[in-house]
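Below are my numbered notes for a colleague who will work through the coordinates. Each point takes up one group of contacts or one segment of the chain.

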Amino acid sequence: MLSNDLRIDMVHDALVCGIRDFFSSRGVSDAVIGLSGGLDSAVVATLASQALGKSHVHAILMPGEFSTLHSIQDAVDLADSLDIGYNIIPISTIYKKFIKELQPIFGPYNKWNVAEEHLQARIRCSILMAYANKFSALLLNTTNKSELFVGYGTLYGDLAGAVMVLADLYKSEVYELAGYINMEKEIIPGSILVKAPSDELRRDQKDTDTLPEHTTLDRIIFALNEQGKSCEEVVNDGFDRNDVENVLALYNKSASKLYQIPQILNVSSKPLAHKSKWLI
């Protein structure tokens, strides 16, 4: 763990207890989650099945045209490992219908940008919320603290949910939590733990296309957020100036998203929710 005040076993138990208490306090027994084949959704699905019971967790796999076959298989393998129910609902046809109907607005010479990426995330959210409403379930959010800090999430898309389970854990801490879950036997398939993080919203997309490797990113954010250091202080600690300035620019550009996110299961003394101070 980045903080010496946190132990991974205590974090695991706190999150399981937090999920259970959150659902109990709202009189709801069932959860739904979008299972992507990535690490974060795998960890959240596992914690939810431990908190609520496997019969009370339902996963929906929503591959798009940029989803890889191994991600789909990883998601299926995880659902089978947890013995939770799941459905596969491809979104490519829905997405293409949206693009066709948006053509009068986007224009005949539309150039791909983040609008098309966010649209895919919002389609997935609509499917998940339809299930939640139909079957009186609550949607579990899978965003981690690293993504939240730099704004890597879609409002009304993958930032939606009733509660954010991992939003107070950095990506490197989510990896550590997955290792703890797998300590006695492999619950989360090993292939999920070794793949490069990606939202798969465009072809060959990787998080490292625009961000430092996650262990470096997490240490930069920890220094800025938990330790309250300035940009110059973080650079003086030995981090690349371009990386630090890019992280800060991404935070300041997207900080308003923090006012519209769901509740967070806090495990640290410095969660990100509703921070109003810009970092400089």
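1. Lys171 and Asp40 form a salt bridge in which the closest N and O atoms are 3.1 Å apart. The model is a predicted one, and in it this pair links distant parts of the chain, with Lys171 in helix 7 (residues 171–181) and Asp40 in helix 2 (residues 39–52), 131 residues apart. Lys171 counts as buried at 9% relative accessibility, and Asp40 is buried too, with a relative accessible area of 7%, so each falls under the 20% cut-off that is used for burial.

2. A second salt bridge joins Lys145 to Glu226, where the closest N and O atoms are 2.6 Å apart. Because Lys145 lies in helix 6 and Glu226 in the loop between helix 9 and helix 10, the pair ties together parts that are 81 residues apart in sequence. Lys145 is buried, and Glu226 is buried as well. The pair also belongs to a wider arrangement, since Lys145, Asp168 and Glu226 are linked in a network of salt bridges.

3. How many salt bridges does the structure hold? The count is 10, and one of them is formed by Lys229 and Asp237, with the closest N and O atoms 2.7 Å apart. In this pair Lys229 counts as partly exposed, at 26% relative accessibility, and Asp237 likewise counts as partly exposed, at 42%.

4. Helix 2, which carries Asp40, deserves a closer look. Its end C-alpha atoms are 20 Å apart, which agrees with the 20 Å that its 14 residues should span at 1.5 Å a residue. Of these 14 residues, 13 are buried, so helix 2 is largely enclosed by the rest of the structure. The helix is followed by Gly53, whose phi is positive, near 100 degrees.

5. What does Thr46 touch, leaving aside its neighbours within four places in sequence? Thr46 has its place in helix 2 and counts as buried at 1% relative accessibility; with those neighbours left aside, it is in contact with Leu78, Leu82, Ile181, Ile187 and Ile188.

6. His58 is found in strand 2 and counts as buried, at 14% relative accessibility. Its side chain is joined to that of Asn87 by a polar contact of 2.6 Å. Leaving aside neighbours within four places in sequence, the residues in contact with His58 are Ala31, Val32, Ile33, Gly85, Tyr86, Asn87 and Tyr131.

7. Searching the whole structure for aromatic pairs gives five. Among them, Phe66 and Trp112 form an edge-to-face pair, at 5.5 Å centre to centre and with 80 degrees between the planes. Phe66 lies in the loop between strand 2 (57–61) and helix 3 (69–82), and Trp112 in the loop between helix 4 (92–106) and helix 5 (114–134), so the pair ties together parts that are 46 residues apart in sequence. Phe66 is buried, with a relative accessible area of 12%, whereas Trp112 counts as partly exposed, at 36% relative accessibility. Another pair is formed by Tyr131 and Phe135, and this one is tilted: 4.7 Å centre to centre, with 45 degrees between the planes.

8. A further contact with a ring involves a charged side chain: the charged end of Arg26 sits over the ring of Phe22, at 3.6 Å from its centre.

9. Helix 11 (residues 241–254) has 14 residues and reaches 20 Å from its first C-alpha to its last, which is close to the 20 Å expected at 1.5 Å a residue. At its start, a side-chain oxygen of Asp240 reaches to within 3.0 Å of the backbone nitrogen of Asn242.

10. Which residues of helix 11 are buried? They are Val244, Val247, Leu248, Leu250, Tyr251, Asn252 and Ser254. In reading such a list, it helps to recall that an α-helix has 3.6 residues a turn, so residues three or four places apart point the same way. The cover over the buried residues of helix 11 includes helix 6 (145–150), helix 9 (214–225) and helix 10 (231–236). Helix 6 is also where Lys145 of the second point lies.

Conventions: Residues numbered from 1 in each chain as written. Predicted model: local features only at pLDDT ≥ 70, side-chain atom pairs only at ≥ 80, totals over all residues. Heavy atoms only, no water. Helix = DSSP H or I, 4+ residues; strand = E, 2+ residues; numbered from the N terminus. Expected span 1.5 Å × (residues − 1). Buried < 20%, exposed > 50% of the residue type's maximum accessible area, 1.4 Å probe, protein only. Contact = heavy atoms within 4.5 Å. Polar contact = N/O pair within 3.5 Å; in protein donor to acceptor, adjacent residues only side chain to side chain. Phe/Tyr/Trp six-rings, centres within 6.5 Å; stacked < 30°, edge-to-face > 60°. Lys NZ or Arg CZ within 6 Å of the ring centre and 35° of its normal. Salt bridge = Lys/Arg side-chain N within 4 Å of Asp/Glu carboxyl O.
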